[in-house]
Each structure stands twice: as C-alpha cells, then as structure tokens.
Amino acid sequence: MAKQQGSGLQSVEAALNALLDGVEALSSETVSVEHAGSRVLAESVAAERDVPPADNSAMDGYALRLSDAGKTLPVSQRVAAGTPPVPLAPSSCARIFTGSEIPAGADCVVMQEAIEETPEGIRFPASIPEGNNIRRRGCDVASGSTLLSAGSRLEAAALGHLAGQGITGVSVRRRPRVALLFTGDELVDPGKPLMPGQIYNSNRPMLQRLLERFGAEVVMAGPVPDCYEATCDRLRQAAEGADVVVTTGGVSVGEEDHVKHALDALGTLDLWRLAMRPGKPLALGRLPREKDSTQVRFVGLPGNPVSSYVGAWLFLRPLMGHLLGCPVLQSLPRVYASAGFDAHTQARRHYMRVSLEFGQDRIVAHAFADQSSNVLSSCIDADALAIVPPFSDIAAGDRLECLWLMGH
Ligand SMILES: Nc1nc2c(c(=O)[nH]1)N[C@H]1C(S)=C(S)[C@@H](COP(=O)(O)OP(=O)(O)OC[C@H]3O[C@@H](n4cnc5c(N)ncnc54)[C@H](O)[C@@H]3O)O[C@H]1N2
Ligand code: MOO
C-alpha cells in the first residue's frame with residue numbers, strides 16, 4: 001500500500017495516480033454510425049471527400065460574373081439544389097438557391113432581396129463584393145484532412161460529420177464493463193416493500209446512470225450480504241466478468257465493513273482513506289481475473305450516497321476515460337467562481353456541492369446548505385464541486401476553484 005500522509009489520509013492526487021497507473025485503453029470494435037452515439041473513436045478518421053463537394057450558393061438569388069455588376073441580365077438557367085448546373089452563358093445570370101452548385105463562369109451570388117426584376121431581366125447592384133455569397137468547395141472539410149481524432153466522443157456534431165462523408169461504420173473502443181456491488185443488509189431495491197430498519201438503495205440507479213454517462217456498460221449490479229465470505233465470493237465472481245469492480249459501502253472501520261478485508265485477501269489494496277470530504281474511506285485496488293490471468297481495477301466507494309456520487313465523478317470518470325482512451329473524460333474542466341457563502345474546513349479537502357450562477361461579469365457559486373455526506377439533495381442542482389482546501393476559512397466573495405460537472 002502507498003505511503004500515508006501524516007494525517008493517515010492520502011491525497012486525492014496520490015489516489016488518482018495509483019488508480020490510473022498502468023491502465024490501458026480497451027480493444028476496439030466496429031459499430032454502425034447509427035449506433036455509435038457517445039462511443040469513443042479508436043482510430044482517427046480521415047476525410048475522403050470535400051464538404052461541400054463543390055462551390056455553392058449561401059443564398060437564394062442569382063449567380064453572375066462580377067464583371068457584369070450593375071447590368072441587367074437575362075436568366076439563362078435555373079439551378080435547383082441536387083441538379084448540376086451548365087456553364088453560365090455569356091452576359092446572363094442563373095437563378096440559384098441556397099446549396100445549389102455555382103455554374104462554371106459565375107463568381108458571385110446576389111441575394112434575391114438585392115436585385116430588381118425588370119422586363120429586360122434582372123438588374124444587379126453596381127458594387128458586389130468578390131466571391132459574394134459563395135461557399136467554397138471543401139471549406140468545411142477538405143479531403144485528406146483529419147475529420148475526427150482518435151479518442152473523440154461521438155456526440156451529435158461528430159455523428160453529423162461522419163454522415164457528411166457517407167461513412168456508415170466506425171471503429172470505437174469497447175465499453176468498459178463494470179460490475180456494481182452494493183453492501184449493506186439494510187438495502188432494498190424499489191419495487192419491494194420496506195421493512196423496519198431498511199432503506200431503499202439510492203446508489204444503484206445513481207451510479208448506473210453516471211457510469212453509462214462516463215461511457216461504461218454495467219454488466220452486473222446486485223447486493224452483497226454483510227458477511228466476509230459472501231463478500232469474497234461476490235468480488236471474485238464480479239472480477240471474472242468485468243474490467244472494473246465497483247462497490248459501495250462497507251469500507252469504513254465497523255465490524256460489518258468487509259470490503260477492504262476481502263480486497264486485501266483476494267487482490268491488492270493500493271490505497272485506503274483519503275484526505276477528502278465526502279469520501280474519506282474510499283478504497284482502491286486490484287482484483288485478479290483468473291480467466292485471463294489479468295487484474296481488474298477495484299474502486300470501493302463509501303456507502304453514503306453523496307460520498308459515492310462525488311467519488312464517481314472524481315475516480316470512476318477518469319478511470320473510464322483512460323479505459324476508453326478519451327481525453328475529455330480523463331479530467332473535469334475547472335471553472336473559477338466567487339463564493340456565495342461562508343465556510344471553513346478541517347483536515348480534509350472539501351468538495352462542496354455548488355450550483356453556479358452565471359452573471360454578466362462573474363460566476364457565483366452557491367453551496368447547498370447541508371453538505372453532509374448522507375444528504376443527496378445537495379447533489380440534485382450541483383453544477384460543480386467547489387474545491388475548498390483543508391483548514392481554510394472561506395468568506396463570501398472569495399475566489400473558488402470548481403470542478404464542473406458538465407450536464408450532471
Ligand atoms: N468510527 C468511524 N465511523 C465512520 C468513519 C470513521 O472514520 N470512523 N467514517 C465515516 C465516513 S466519513 C463514511 S463516508 C462512512 C462510510 O462508511 P461505509 O463505506 O462503510 O458505508 P456503510 O457504513 O455501509 O454506509 C454508510 C451509510 O450509507 C448508507 N448506504 C450505504 N449504501 C447505500 C445505498 N446503496 N443506498 C443508500 N444508502 C446507502 C448506509 O445505510 C449508511 O447510512 O462511514 C462513517 N463512519
Ligand atoms: O467521508 Mo464521509 O464520505 O464524509 O461521510
């Protein structure tokens with residue numbers, strides 16, 4: 001286990017280094033573009049065609065030669081979108097529409113609001129800028145250029161870009177397979193009656209949703225009884241079918257907290273107990289996977305829902321980012337805001353759940369009043385985690401570094 005700090009707690013940075021050390025991107029698979037939403041490109045895609053494929057008009061209007069500016073010209077052809085034009089006849093203009101190809105010979109387009117229709121033809125203004133309203137071939141994508149880089153996440157615009165090339169299939173990273181286990185004999189899944197002493201399992205849908213957003217596939221999700229042998233069995237089983245095993249609860253110091261001991265016995269406990277709030281008892285390590293003699297990463301999140309939520313953003317997201325070879329998932333964007341509250345911290349760095357108010361000249365971070373790790377209400381409107389260093393006094397107006405939970 002890595003060396004501990006004086007407080008006996010390890011830094012978040014040390015934990016992230018231990019977790020990500022040696023993590024390599026997973027293998028790739030080919031999927032149809034239709035089903036590639038949110039997947040991560042395994043290889044860069046080169047453009048094979050220019051977009052647009054030819055010079056075309058940005059406006060509904062008339063194409064002409066710049067040398068004919070100020071003249072009245074007959075309309076010699078009508079170029080509808082989807083129909084290739086013929087070369088422009090001398091001393092004439094072409095009726096043209098947005099997206100229609102520019103006829104050879106024409107070098108500008110005048111929008112129809114700027115011309116005058118006369119019995120002799122179309123009268124054009126005397127002054128027309130060069131190349132007016134012409135969108136050049138390849139101005140969006142040039143053939144041979146990199147259309148999308150390896151590691152890009154295929155969201156809406158990227159999918160449009162692939163379609164613009166006529167591409168139907170892409171090579172993407174396999175989704176990290178995650179096994180999610182929940183410890184705690186008090187837990188019941190919604191849909192079942194709640195007996196005295198029981199609570200509903202909030203972590204299950206919450207982590208499932210977060211993991212899917214981070215690009216993972218949850219292949220197994222289920223309870224683990226509060227018993228050492230059962231915990232060992234479930235961890236062993238989980239490691240066989242997954243790339244990452246995540247547990248919640250059972251990592252603290254009570255005698256019903258078996259996860260850490262089971263991990264210690266079965267695999268490697270790399271690091272335990274972090275100088276962060278919430279999430280102090282978080283445990284990180286590796287479990288052996290017998291079927292291919294490899295190791296899978298283990299993340300033991302504390303049971304309190306807020307500790308699990310914050311731990312997922314801080315640790316599971318970058319882990320998925322590394323398994324997917326996707327830089328945007330590897331770290332959270334930082335944003336600086338003025339504190340809209342007073343706070344003081346003890347020995348642990350506090351990741352406070354804040355909502356961001358975007359004003360004209362500054363961003364104000366508002367903290368949810370109750371920052372306890374069992375109060376999931378604090379996460380509902382949290383746009384960011386404000387990082388408050390240990391032993392600090394924060395006064396309203398102070399500058400805060402925040403991790404932006406984009407689209408949380
Ligand atoms: N003596 C000490 N006690 C505790 C310490 C400590 O240092 N010394 N640390 C506290 C901190 S900080 C945390 S965080 C918790 C974490 O404990 P565990 O990870 O072992 O979690 P549990 O004890 O299993 O559960 C904690 C809490 O969360 C509820 N829970 C658990 N799973 C779920 C779920 N899936 N859905 C909803 N709620 C869940 C559980 O009922 C407990 O209330 O330990 C402190 N104790
Ligand atoms: O560290 Mo715990 O997650 O604050 O309650």
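**Ligand surroundings, sheet and nonpolar cores**

Ligand 2 is surrounded by Arg277, Pro278, Gly279, Lys280, Pro302, Asn304, Ser307 and Ser373, a residue being near a molecule if its C-beta atom, placed from the backbone, lies within 6 Å of it. The model is predicted: local features need pLDDT of at least 70, side-chain atom pairs count only at pLDDT 80 or more, and totals for chains, interfaces and linings use all residues. Residues are numbered from 1 along each chain as its sequence is written, and chains are lettered from A and ligands numbered from 1 in the order in which they are written.

The shell around ligand 2 consists of 2 nonpolar, 4 polar and 2 charged residues; Ala, Val, Leu, Ile, Met, Phe, Trp, Tyr, Cys and Pro count as nonpolar, Asp, Glu, Lys and Arg as charged, and the others, Gly among them, as polar. Around ligand 1 there are 26 residues, of which Asn203, Gly249, Ser252, Pro302 and Gly303 come nearest. This shell around ligand 1 divides into 9 nonpolar, 14 polar and 3 charged residues. At least two of its residues come from each of β14 (177–183) and α6, where helices (H or I, at least four residues) and strands (E, at least two) are DSSP runs numbered from the N terminus.

Strand β14 also belongs to an open sheet of 6 strands with mixed pairing, in the order β17-β14-β18-β22-β21-β19; two strands pair if DSSP finds at least two bridges between them. The edges are formed by β17 (217–224) and β19 (268–272), each of which has a single partner strand, so one side of each is left without a neighbour in the sheet. Neighbouring strands are turned by 20° against each other on average, direction ignored. The parallel strands β14 and β17 are joined by 7 bridges, and Ala179 stands opposite Met220 in β17.

Helix α1 (residues 12–20) packs on the sheet through β19, β21 (283–289) and β22 (294–301), at about 160° to the direction of β19. Contacts require C-beta atoms, placed from the backbone, within 7 Å; axes are lines fitted to C-alpha atoms, for helices over the stretch in contact, and angles run from 0 to 180 degrees between N-to-C directions. Helix α6 lies across β18 (244–248) and β22, at about 155° to β22.

The largest nonpolar core has 81 residues, among which Val245, Val246, Leu316, Val354, Ala365, Ala384 and Ala386 touch the most other members. Helix α6 (residues 305–323) gives the most to this core, with 10 residues. A core is a set of buried Ala, Val, Leu, Ile, Met, Phe, Trp, Tyr and Cys residues joined through C-beta atoms within 7 Å, buried meaning 20 or more other C-beta atoms within 10 Å of the residue's own, all placed from the backbone. Ala386 touches Met352, Val354, Ala365, Ala367, Leu400 and Cys402, not counting residues up to four places away in sequence.

Key: Buried ≥ 20, exposed ≤ 12 C-beta atoms within 10 Å, placed from the backbone. Contact = placed C-beta atoms within 7 Å.
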